[in-house]
Amino acid sequence: MAPIADPDEDLVRRVGQGDPAAIQAMVARKLPRMLALAQRMLGDPVEAEDVAQEAMLRAWRQAPRWQPGKAKFDTWLHRVALNLCYDRLRRRRETPTDAPPDRPDPGPAPDRGLLAAETGRRVDAALARLPDRQREAIVLCHYQELTNIEAAALMEISVEALESLLSRGRRALRTALADLRPGAEGA
C-alpha cells in the first residue's frame, strides 16, 4: 500500500520539535474545525470547547511520535475528537436526571434574527436526535466538509455504507424539518 500524502506532515514534524510558531499554526488551523465537530456532535458549547482542547492537547503530545504515511494527521485528529465526543455522549446516557430539560418555545420568533436562531436550534435538535452513526456521517461530510472517501475511512466503513448512513440521516432530517421547507408555512 502506498504511503498517504499528508499536507500536515511538515507542520506536525515542527510541532513535535517544539516549534512555537508551528504549534500556534496548528491550533489556528485545526482548533476551529475540532470545535465545530464537537459542537455539532454534543450540542453543548462548553463541552465542545473541552473536547476540542483535549483533542489539540493530544495532537501536541502525539506530534513527536507521529509516523507519516499511515494516515493523514487530520483524519487521526478527527477520530480523536469523535472518540472524545462519544465518551461524553455515553456518560450523558448513564447519568439520570431528576427534571426534564427546559424546552425552547416552539412559537414563532418576533423577528428574523430570532427566527434564524430558532431554525438553527431546530436543525441542531433534529441532528441530535439522529442515531450516532448517521449524525457522525452528516457532520463529517456536510459540516466538516470531508469527502465521502475521507469520512468513510475515518468511520472505518465502506463508502457505500457511508452513503447509506447519509441517505437515512438526510431522510430523517427532511421529515423532522418538513415544516421549514418553502411552501410549508401553513402545514
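1. A helix here is a DSSP run of H or I at least four residues long, and helices are numbered from the N terminus. With that in hand, here is a friendly tour. Please keep in mind that this is a predicted model. The protein has eight helices and zero strands, and its pattern along the sequence reads α-α-α-α-α-α-α-α. Of its 187 residues, 33% are buried.

2. A good place to begin is helix α3, which covers residues 45–62. At its start, a side-chain oxygen of D44 comes to within 2.9 Å of the backbone nitrogen of V46. The length of α3 can be checked: at 1.5 Å a residue, its 18 residues should span 26 Å, and the C-alpha atoms at its ends are 25 Å apart, so expectation and model agree. The buried residues of this helix are E47, A48, V51, A52, A55, M56 and A59.

3. Next comes a residue of helix α4, which runs over residues 73–94: D74. Is D74 buried or exposed? Its relative accessibility is 14%, and since buried means under 20%, D74 counts as buried. D74 also has a partner in space that lies well along the chain: K30 is 44 residues away in sequence, yet the two C-alpha atoms are 8.1 Å apart.

4. How do helices α6 (residues 132–143) and α7 (residues 148–155) meet? Their axes come within 9 Å and cross at roughly 140°. An angle over 145 degrees would count as roughly antiparallel, so at roughly 140° the pair α6 and α7 is described as oblique. The crossing of these two helices is right-handed.

5. The loop between α6 and α7 holds E145. Most residues other than glycine have a negative phi, but the phi of E145 is positive, near 60°. With a relative accessibility of 63%, E145 counts as exposed, because the cut-off for that word is over 50%.

6. Helix α7 has two contrasting sides. Its residues A151, A152, L154 and M155 are buried. Looking down the axis, these buried residues fall within an arc of 160°, so they line one face of α7. The face turned away from that buried side carries I149 and A153, which are exposed.

7. After α7 comes E156, with a positive phi near 60°. Where does E156 sit? Its place is the loop between α7 and α8. E156 is a residue other than glycine, and at 69% relative accessibility it counts as exposed.

8. The tour ends with helix α8, residues 159–176. Its 18 residues should span 26 Å at 1.5 Å a residue; the end C-alpha atoms lie 25 Å apart, which agrees. Which residues of α8 are buried? They are L162, L165, L166, G169 and L173. These residues cover an arc of only 100° around the axis, which puts them on the same side of the helix. A general rule helps in picturing this: an α-helix has 3.6 residues a turn, so residues three or four places apart point the same way. On the other side of α8, E160 and T175 are exposed.

Technical notes
Residues numbered from 1 in each chain as written. Predicted model: local features only at pLDDT ≥ 70, side-chain atom pairs only at ≥ 80, totals over all residues. Heavy atoms only, no water. Expected span 1.5 Å × (residues − 1). Buried < 20%, exposed > 50% of the residue type's maximum accessible area, 1.4 Å probe, protein only. Arc of directions from axis to C-beta. Polar contact = N/O pair within 3.5 Å; in protein donor to acceptor, adjacent residues only side chain to side chain. Axes fitted to C-alpha atoms, helices over the stretch in contact; angles between N-to-C directions. Parallel < 35°, antiparallel > 145°, perpendicular 65-115°, else oblique. Left-handed = near helix turned anticlockwise from the far one by under 90°.
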